[in-house]
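Hi,

Here's the structure I promised to send over. Have a look at it first, then read my notes underneath.

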Amino acid sequence: MFITLEGPEGSGKTSHIPYLVEYLREKGHVVFPTREPGGTSIGEQVRDILHDLKNVEMHPHTETLLYQAARAQIVEQVIKPRLSAGEIVISDRYFDSTIAYQGYGHKQDLEQVRALVKYATGGLMPDLTILLDVDVEVGLRRKKQNGDEWNRMDAHEVAFYQRVRNGYLELVKAEPPLRWVVVDSSQKWDDVQSELRKIIEGKIP
Ligand SMILES: Nc1ncnc2c1ncn2[C@@H]1O[C@H](COP(=O)(O)OP(=O)(O)O)[C@@H](O)[C@H]1O
Ligand SMILES: [Mg+2]
């Protein structure tokens, strides 16, 4: 089973995953957490380029391609083998992030972006994608208040993140509700965590 967590900055993806993993392992599942971009040696090197605040001149096309490079590596090196071994893979972001950020955020042609994504993933789809949805300003404030990592992808104007959030909501609307579940991440952290646990357990065969 392949689960992906999506959502704008500060929506809670990174902080929730370790607790979900621990919970599922206690229930006897074999769980492998991973993150994008990164999750492999090559992917982490690409992540450094993408996140480096010095790379202000990066063109959206370059950015889109770098994300796909890191993604292709993690899909082939990590995700597919783990899924074949029957493990539950939980990823902090996956291709929907590219549609939301590079497609909607940077206003790139969605069909072209989708074609690149398909090439990078080989068409591998998640079984479940949870959108942690939160007001953009609330999410950004959380990140700043908690002194979390601040990188090039955090340094856009608020309007960019509004487009990203709306893009995610468009994606949910456009697909049958089989893959997506939206969780209101403006709730208390503990309440979000219990909702996530319920959703995931309900999906595990
Ligand atoms: N529901 C919540 N209420 C309050 N703070 C939260 C909540 N969810 C996440 N946070 C905090 O916001 C910050 C960003 O969360 P994080 O999990 O890193 O978000 P993301 O990975 O989606 O950008 C973290 O310091 C986290 O503890
Ligand atoms: Mg994060």
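Below is what I found, starting with the overall fold and then moving to the ligand.

One thing to keep in mind: this is a predicted model.

Let's start with the chain as a whole. It has 8 helices and 5 strands. If you walk along the sequence, they come in the order β-α-β-α-α-β-α-α-β-α-α-β-α. The radius of gyration is 16 Å, close to the 17 Å that the globule rule gives for 205 residues, so the chain is as compact as a globular protein of that length. In terms of dimensions, the C-alpha trace spans about 45 × 35 × 35 Å along its principal axes.

How much of the chain is buried? Buried residues make up 38% of the 205. The contacts are worth a look too: taking those with a separation of 6 or more, 81% are between residues 24 or more positions apart in the sequence.

Now for ligand 1. It is surrounded by 17 residues, and the closest are Gly-12, Thr-14, Ser-15, Arg-142 and Asn-146. Try finding those five in the viewer.

Which helices supply at least two residues each to the shell around ligand 1? They are α1 (13-26), α6 (136-145) and α8 (189-203). Of these, α1 gives the largest share, with 3 residues.

As for the chemistry of that shell, 9 of its residues are polar, 6 are charged and 2 are nonpolar.

Have fun exploring it!

Cheers

Technical notes:
Residues numbered from 1 in each chain as written. Chains lettered and ligands numbered in written order. Predicted model: local features only at pLDDT ≥ 70, side-chain atom pairs only at ≥ 80, totals over all residues. Near = placed C-beta within 6 Å. Helix = DSSP H or I, 4+ residues; strand = E, 2+ residues; numbered from the N terminus. Nonpolar A, V, L, I, M, F, W, Y, C, P; charged D, E, K, R; others polar. Rg over C-alpha atoms; globule rule 2.2 N^0.38 Å. Buried ≥ 20, exposed ≤ 12 C-beta atoms within 10 Å, placed from the backbone. Contact = placed C-beta atoms within 7 Å.
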